[in-house]
Amino acid sequence: MPEYQAAIDAILSGRGLGPRFRIARKEFAVELSPAGIPPLFSAFVDVYLRRALALARRFELTADEAGLDRTIETIQQALAEEAVMGLVQYAVLLFLTHHPEARTKIKIKPLEMRQPELVLPSSPLLRSLGAAAGGQFPPRAAAGAMPPDGLSFWREDPLINEHHEHWHLVYPTSLDPLPPIGAKGYPIGDRHGELFFYMHQQMLARYNAERLALGMKQVAPFATEPLTEAKFKAPIRQGYDPGPLKLWDGEKPYLFSSRPAGAAISDLTLDESATKGPNWPKVRPGAKLSRQSDFGNYLFDAAASGAYKLVSGTTVTADNLGNTTEANVNAVDFANVAQPANHPLYGNFHNDGHIHFMLYNNVAPYCVMAATTTAIRDPVFFQWHKLVDNVYFTHQQTLPPYDFSKGPEVTIRKHAAPGGKAASIDIILALEDQLPASIDNHKFGSRAYNQKATEAFGGAEWNTDYSNGTAYAQTREPIGTTDILFTEMKTRKINLEQDGDTPAHETVEYLSHDDFYYFIRLQNERETEQTVAVRIFLAPESEVADRRVWIEMDRFAARLKGLEQLVIFRPADQSSVVRKPALRPVDLTDEDGATREREAQAWCDCGWPYTVLLPRGTKDGMEFRLLVMCSSGDDLIMPDHPECCTSISYCGLQNLEYPDKTAMGYPFDRPFQKSIPETMHSFNNWASRTIRIACRSL
Ligand SMILES: [Cu+2]
């Protein structure tokens with residue numbers, strides 16, 4: 001087993017493979033001439049992805065028939081044959097993500113250990129911190145976003161980038177006729193298209209919370225409707241220079257190009273077929289920006305009208321619209337032809353966008369938008385995805401509002417607070433250091449402890465307001481509560497490839513937060529038992545009326561006995577959006593990065609990093625609205641074996657249906673009958689509370 005791991009580590013990192021694969025670090029500084037660079041794999045390019053998926057399938061068959069030893073040989077052989085840099089590595093990642101046996105025996109190392117050169121900050125440490133601290137931006141940095149905006153700490157967070165990489169591995173843009181769910185091969189995940197939209201929408205909501213904290217507006221879409229060629233060709237105000245970032249794949253280092261401020265994208269004219277790459281104008285349906293803008297308009301038409309006018313007989317759903325926008329095998333115009341320029345009617349809008357940005361001037365090497373591991377570093381990623389999200393939003397706006405009056409008969413108490421804010425005595429927060437290490441000799445984290453802790457807020461204390469104060473367990477241990485959550489900027493070292501005996505590392509800054517816990521009080525108004533789906537969301541207080549800013553924080557099922565007054569104790573690290581096990585700073589600072597938490601791997605390793613569960617907030621505390629709403633327990637059916645991963649929000653369940661029957665983003669997935677603030681106040685099964693998030697290190 002360790003041999004497999006070493007072999008795979010070497011393949012995925014280029015390390016330890018002998019001189020052929022080793023490039024002295026100093027050579028990284030030499031920019032290779034474009035002609036000397038082989039084409040780079042991009043998961044946004046269907047000809048490549050199709051090949052990677054086929055290769056992953058070959059590895060899977062080999063593993064099943066001849067074992068993992070033979071699979072490693074097959075991988076080595078593929079490496080020797082493949083001209084496109086990184087393609088075999090991507091196939092290996094797909095194989096390791098999806099193959100049951102390989103997944104338990106071989107770990108995919110964290111991105112920053114696998115490809116440390118790929119997570120380097122674009123500009124030296126603390127530039128973005130300095131920006132936020134002074135409330136003004138530092139002098140033009142040597143690299144990074146141009147002009148700098150103080151958000152590189154977030155866009156360049158190694159774990160957020162790894163999340164994005166990993167999500168696209170779990171939900172690859174499948175391009176071939178698919179085996180049914182549960183069968184071998186790489187079936188498209190259940191509700192893939194809808195999840196594609198939703199996961200990226202949530203990234204935007206989180207990005208916008210960071211922007212608002214810095215006094216910026218929400219991110220603007222790359223272009224507005226109606227889309228035109230001229231709008232697509234307009235200069236892009238903000239550029240991006242990846243700085244020292246480089247990709248090490250096989251034999252050569254790969255330096256990403258930068259995209260200067262004010263540059264524009266253009267029709268794709270580059271023909272890389274001489275280096276075994278694509279002839280871009282031939283293979284991309286949206287190679288011409290006039291086509292790309294048409295495709296976008298057709299998608300908006302479909303979203304607004306509910307019908308695909310170019311394809312008869314299919315009604316628009318969030319799922320098929322997501323598939324068609326991405327675009328993948330379940331796109332409504334997928335022709336199932338083995339030619340690269342598939343999707344003749346609605347184009348390959350989202351993927352072609354990535355290609356236009358990675359090759360904005362038709363000169364290789366590519367910009368960071370080429371790779372799922374690096375794309376979100378570039379501010380234009382969010383502008384592009386805001387446009388993609390506008391397609392989703394346009395569809396959602398056509399849906400009839402929900403009738404929330406039929407919600408489950410549970411009560412969460414709340415009241416209005418001055419200035420349009422909200423309070424709720426049933427949404428209680430506690431920080432780690434406010435919780436006793438043990439209660440009545442029961443250790444923190446034990447079932448008995450949880451039981452005792454919840455007793456402090458129930459029974460005779462049911463009506464007491466613990467928004468911010470101290471409750472007492474029946475054995476008198478104090479439990480503090482809070483109305484403010486804390487974040488912090490921290491640093492850690494990334495170990496780079498060594499040059500001879502000299503260890504090399506780079507310090508990265510990253511956002512983290514204090515551990516926190518929810519105590520949620522729910523009153524069952526029914527005399528009979530019922531199960532409810534508890535949904536927790538967070539939004540910047542100033543924007544609560546905008547349904548697009550709500551960030552999903554958690555989603556779980558709770559069972560209430562008849563007329564029960566239930567207190568739920570819920571640690572934030574159990575969140576359904578978070579990748580498990582939750583990684584804390586202590587798990588990230590280890591010199592070789594090999595803590596038990598980091599090595600653990602299952603389907604659960606898909607999800608949002610725990611360190612960035614909370615937006616950073618501001619020095620003095622930025623106001624946010626925390627919402628708890630209960631919907632019918634019939635919607636959220638989690639499999640009941642304990643091994644089963646609960647990181648369902650962005651990942652669903654492997655080879656199973658997505659476990660929540662409601663639309664993704666529910667209840668924010670469509671217009672509201674009344675305003676959102678009014679709705680939150682109107683129903684017993686909804687409550688919200690204004691809290692603050694303060695960053696200690698600003
Ligand atoms: Cu993506």
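In this predicted model, E194 turns out to be buried, because 22 other C-beta atoms crowd in within 10 Å and 20 or more are enough for that label. The residue belongs to helix α10, which covers residues 192–213. Its contacts reach well beyond its sequence neighbours: setting aside residues within four places, E194 touches A318, D319, G322 and M664. M664 is a nice case of the chain coming back on itself, since it sits 470 residues from E194 along the chain, yet the two C-alpha atoms are separated by just 7.2 Å.

That sort of long-range link fits with the numbers for the whole chain. Taking contacts between residues at least 6 apart in sequence, 73% join residues at least 24 apart. The chain has 698 residues, and 50% of them count as buried. As for secondary structure, there are 20 helices and 20 strands.

Next comes a sheet. Six strands line up in the order β14-β13-β20-β19-β16-β17, making an open sheet with mixed pairing. At its edges are β14 (505–513) and β17 (551–560), each with a pairing partner on one side only. Going from one strand to its neighbour, the average turn is 30°, direction ignored. Helix α10, the home of E194, packs on this sheet and touches β16 (530–540), β17 and β19 (622–632). The direction of α10 makes about 120° with that of β17.

What does the mixed pairing look like up close? Strand β13 shows both kinds. With β14, β13 (residues 484–495) pairs in the antiparallel sense, over nine bridges. Two of the facing pairs can be picked out here: N495 has H505 of β14 as its bridge partner, and E488 stands opposite S512 in β14. With β20 (residues 686–695), β13 pairs in the parallel sense instead, over four bridges. On that side, L485 is matched with I693 of β20. In general, side chains along a regular strand alternate between the two faces of the sheet.

The helices pack against one another too. Two packed helices are described by the angle between their axes and the distance between those axes. For α3 (residues 46–81) and α4 (residues 87–98), the angle is about 65° and the axes are 7 Å apart. The crossing of α3 and α4 is right-handed. On the α3 side, the contact includes Y48, L53, F59 and I75, while α4 brings residues including L87, Y90, V92 and F95. Nonpolar residues make up 16 of those in this contact, with two charged and no polar ones. R51 and E60 are also among the α3 residues involved.

A second helix pair, α14 and α16, looks like this: the angle is about 155° and the axes are 10 Å apart. Angles over 145 degrees count as roughly antiparallel, so that is the description that applies to α14 and α16. Their crossing is right-handed. From α14, the contact uses A318, L321, G322 and T325, and from α16 it uses V388, V391, Y392 and H395. This contact splits into five nonpolar and three polar residues, with no charged ones. A318 and G322 have come up before, as contacts of E194.

Finally, a few spots in the loops have a backbone worth a look. Which peptide bonds are cis? One runs from A364 to P365, with omega near 0°, and another joins K580 and P581, with omega about -10°. P365 is in the loop between α15 (349–358) and α16 (379–396), whereas P581 is in the loop between β18 (565–571) and α18 (585–588).

Positive phi angles turn up as well. H343 has a phi of about 60° even though it is not a glycine, and L563, also not a glycine, has a positive phi of about 60°. H343 lies in the loop between α14 (318–326) and α15, and L563 in the loop between β17 and β18. Are these two buried or exposed? H343 is buried, because it has 26 C-beta neighbours inside 10 Å. L563 is exposed, because 12 other C-beta atoms lie within 10 Å of its own, and 12 or fewer is the cut-off for exposed.

Terms used. Residues are numbered from 1 along each chain as its sequence is written. This is a predicted model: local features need pLDDT of at least 70, side-chain atom pairs count only at pLDDT 80 or more; totals for chains, interfaces and linings use all residues. Two residues are in contact if their C-beta atoms, placed from the backbone, lie within 7 Å. Two strands pair if DSSP finds at least two bridges between them. Axes are lines fitted to C-alpha atoms, for helices over the stretch in contact, and angles run from 0 to 180 degrees between N-to-C directions. A crossing is left-handed if the near helix is turned anticlockwise from the far one by less than a right angle, and right-handed if clockwise. Ala, Val, Leu, Ile, Met, Phe, Trp, Tyr, Cys and Pro count as nonpolar, Asp, Glu, Lys and Arg as charged, and the others, Gly among them, as polar. Angles under 35 degrees count as roughly parallel, over 145 as roughly antiparallel, 65 to 115 as roughly perpendicular and the rest as oblique.
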